[in-house]
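Trainee: Could you go through this model with me, please?
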Amino acid sequence: MPCVIKAQNLGKVFRPGHFTLFKPKESITAVDRVSFSIAKGECFGLVGESGCGKSTVGRMLLNLVDATSGSVYFKGIKLQGLPDDQMHRLRSKMHIIYQDANNSLDPRYSVYRTLEEPLQLKGISGPDRQVKISEFANKVGIGKELFQRYPHELSGGQRQRVGIMRALLQDPEFIVADEPAASLDLSVQAQILNLLETDKKERGTALLYISHNLSMMRFVSQRMAIMYLGGFLEFGSTKSIFENPLHPYTQMLFASLLDRVPQERKERKRTASLPNPPLDNGGCAFYNRCTLGKPFCKHETPWLREIEPGHEVACHNL
Amino acid sequence: MINVAEAISFDLEAGQTLCLLGESGSGKSLIALCIPGLLPHNALTGGKIFFLGKNLLSQTEKSLGKIRGKEIAMIFEQPMGCLNPMMPIGRQIAEALHSVKKVGEKSWEIPREARRRLDEVGIPGHCYSHYPHELSGGMQQRVMIAMALAGNPKLLIADEPTTALDLTVQRQILDLLNDLKHRYNTALLIITHDLGVAAEMADTVAVMYAGRLMEHTPVQNFFSRPGHPYSRALLNIVSGKTLQPIPGNVPNLMDLPWGCPYHPRCESAGAECEKTFPASSHFDHGMVRCHNALCD
């Protein structure tokens, strides 16, 4: 499968802009040397708690946030340092779907106008736009009666559909879905995810699916990575991670998934401890929450190692 | 006039947990607001809510004020919106303790008690003078819980207490709620759309759809032998190899279908379902409202 997007040693350091006189300027490493690639028709999942940098990775892939280090290749073209006009042309090939569908739609544009605008910018004529929009509306499940409504008149699921349809209308080759279904009901979530799945199968879109919800990953992604404080802790096929989670953090995430079997509630062990602020002395980021932590974990950074074929883990204790 | 909730009945005993499950717009939060009398003035309510033998709907505003916060407390989804951003969290808890102070309790003991309460919900003592924005979402929710429990309430209503939190933090908050429930023998009403939360916390589960109570049953029965087709469909979504969404959408409350509101999406709907809303019938130690529940 040809690789659509590739990230190499991607890193991002945020420096607070405000002026400090007596304290040294603190910088925050949001993403630390992350590498992966997504093939045509593949969905790559990115899981982590809030604040681990997963959304920053998604935005860096689209060049919406400048990477501090490393590079992103879209079909072999390096995005960093690309002239604006060329980047502009690539923009219609790659898209993002945000979690908050309400804020990503213009409150003063009707649904039809929202959908029409990107096609208009591409120079497609009015009648052609109409044909294309009604064809897609059927697929996505937006009835014609919604066309003249405004975002505040739609339900959360309908809004998210409009957001997705706006992205799909431009035939993108790569979509970043940043928690597209997190704020929706389970049944609507399932509808939205099935929609992305169908599009991926029909047109071979590459998809980066970002979520903090491990349980949905099983249904959408083929490969996934577990992210913690800016770095990957575990990386591999979704199947092997679900069958055999190796990193203590991944195991902790699985342990905190709520079972659907109420009888077993008394016996389960308590794993989660209070999240602590990150260490910044080069050790394992997960050290102070880890159950297997050895003294040297505090000082030596573990790198991703292949434990079984196609399943990499960053931990000293395996 | 919109009929947002109709013919809802359930009971809850001390030390028990009831989970009110439903999709957004099913009216579950309205029930939560209705109990302490927090609905807006243009809402018309009928029926009776008995709390320790008193009918809450016939109480005056003044006597409700004595119940709110002391005997019935609430936790909301967004803790940041409920905490005062200008006041350290310790003082906010002290304020809550002050408002429920009984005769004979010394005011100067309250800060110490507030520290103890913070400790109880797992926040270290040095955070006493922190402001809400300095805390993470999970910590803020802990502060909310400490404030809600200030008056040792008999009933704690938690409206989507963990929806905005990460998985690991969600687990901790649920564990904390369970611990405190046992310690104070509080009745807990949890409003959620997450089946996992229900499996984790509930003793009984009540399922709402379009403002109607569809099923009310012990938690084991709900997960092993759900009576209502809607409950079955909810459980089926993530149980298979692929996602199986319920076809169609939640109906608009201003334009509800005739008969059972679920019948347009129901796989076992018959002719009767389009005509009348089913009366409640007993099913497996619980209650279910479906014409076809007993045939299965």
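Trainee: Which residues are exposed on the other side of H5(B)?
Mentor: Arg112(B) and Arg116(B) are exposed there, where exposed stands for 12 or fewer other C-beta atoms within 10 Å of a residue's own, buried for 20 or more, and C-beta atoms are placed from the backbone. Bear in mind that this is a predicted model, in which local features need pLDDT of at least 70, side-chain atom pairs count only at pLDDT 80 or more, and totals for chains, interfaces and linings use all residues. Residues are numbered from 1 along each chain as its sequence is written, while chains are lettered from A and ligands numbered from 1 in the order in which they are written.

Trainee: And which ones are buried in H5(B)?
Mentor: In that helix, residues 110–120 of chain B, the buried ones are Ala114(B), Arg117(B) and Leu118(B). Seen down the axis, they fall within an arc of 100°, so they line one face of H5(B); the arc is taken from the directions between the helix axis and the C-beta atoms.

Trainee: What do they pack against?
Mentor: Helix H4 (89–99) and helix H6 (137–148) of chain B; helices here are DSSP runs of H or I with at least four residues, and strands are E runs of at least two, numbered from the N terminus.

Trainee: Switching to chain A, what order do the strands of the open sheet take?
Mentor: The order is S2-S1-S4-S5, with antiparallel pairing, and two strands pair if DSSP finds at least two bridges between them. Strand S2 (28–39) and strand S5 (77–78) are the edges, each pairing on one side only.

Trainee: How many bridges join S1 and S4 of chain A?
Mentor: Five, between residues 3–14 and residues 69–74, and Gln8(A) stands opposite Ser71(A) in S4(A).

Notes. Contact = placed C-beta atoms within 7 Å.
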